[in-house]
Amino acid sequence: METGNNLEIYERDYLLSCHYGDYKRALELAQKLYDMKIYWLGKKHPDILKLLRDLAYLNNKLGQHEKALEIKEEIFNWLSSVKGQEHPETLQALSDLVNSYEKFGKIDNPKTKDALKLLNEIKKKLQE
């Protein structure tokens, strides 16, 4: 695995790629950074969440909507695991996931129905 010094170099290159609109290169670097940070920091480190969000954004930007949806599911699962299902950030991720399912015509998908059901259950529980 790469060293910590290489991590800083990849991060700078990633930020520059994003800044200059080279999203394909940025996606490649974000994936490499994700793998490196999982190795160095572990799956529950906050940097992992940021990179997951970046990966979802970049995949959407490049028209890779199915991959972006998979990553948004991973974001929700990460937040559920680390912060709990009733945490506001987790609820926002779930709401974003449901909106993405709807936007890309996946409203009848079983995952969408499960996500909507969970969102409604949590909302109801929080209102009690």
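Here is a short selection-by-selection walk through the model you have open.

Before you start clicking: this is a predicted model, where local features need pLDDT of at least 70, side-chain atom pairs count only at pLDDT 80 or more, and totals for chains, interfaces and linings use all residues. Residues are numbered from 1 along each chain as its sequence is written, and side-chain values use heavy atoms, leaving out hydrogens and water.

**Stop 1: S17**

Select S17, which sits in helix α1 (residues 4-19); helices here are DSSP runs of H or I with at least four residues, numbered from the N terminus. S17 is buried, at 6% relative accessibility. On this scale buried means under 20% relative accessible area, exposed over 50%, and partly exposed in between, using a 1.4 Å probe and protein chains only. Now show what surrounds S17: skipping neighbours within four places in sequence, it contacts D22, R25, A26 and L29, where contact means heavy atoms within 4.5 Å.

**Stop 2: R25 and its partners**

Stay on R25, partly exposed at 32%, and add D13. The two form a salt bridge, with the closest N and O atoms 2.7 Å apart; the term means a side-chain nitrogen of Lys or Arg within 4 Å of a carboxyl oxygen of Asp or Glu. This pair links distant parts of the chain, R25 in helix α2 and D13 in helix α1, 12 residues apart. D13 is partly exposed too, at 28%.

Next, add E28. Its salt bridge with R25 has the closest N and O atoms at 3.9 Å, and both residues lie in helix α2, three residues apart, about one turn of the helix. E28 is partly exposed at 44%.

**Stop 3: helix α3**

Jump to D54 and K50, both in helix α3 (residues 46-61), four residues apart, about one turn of the helix. Another salt bridge joins them, closest N and O atoms 2.7 Å apart. Which of the burial classes does each fall into? D54 counts as buried at 16%, while K50 is partly exposed at 48%.

Then select E11, K37 and D47, which salt bridges with shared partners join into one network. Across the whole structure, a search finds eight salt bridges.

**Stop 4: a nonpolar patch**

Finish with Y39, W40 and L41, a nonpolar surface patch with about 340 Å² of accessible area together. Areas come from the Shrake-Rupley method with a 1.4 Å probe, and for residues only the protein chains shown count as cover. Patches take residues with over 30% relative accessible area and no salt bridge, joining like charges within 9 Å and nonpolar side chains (Val, Leu, Ile, Met, Phe, Trp, Tyr) within 5 Å. Y39 belongs to helix α2 (residues 23-41) and is exposed, at 53%.

Note on methods. Helices (H or I, at least four residues) and strands (E, at least two) are DSSP runs, numbered from the N terminus.
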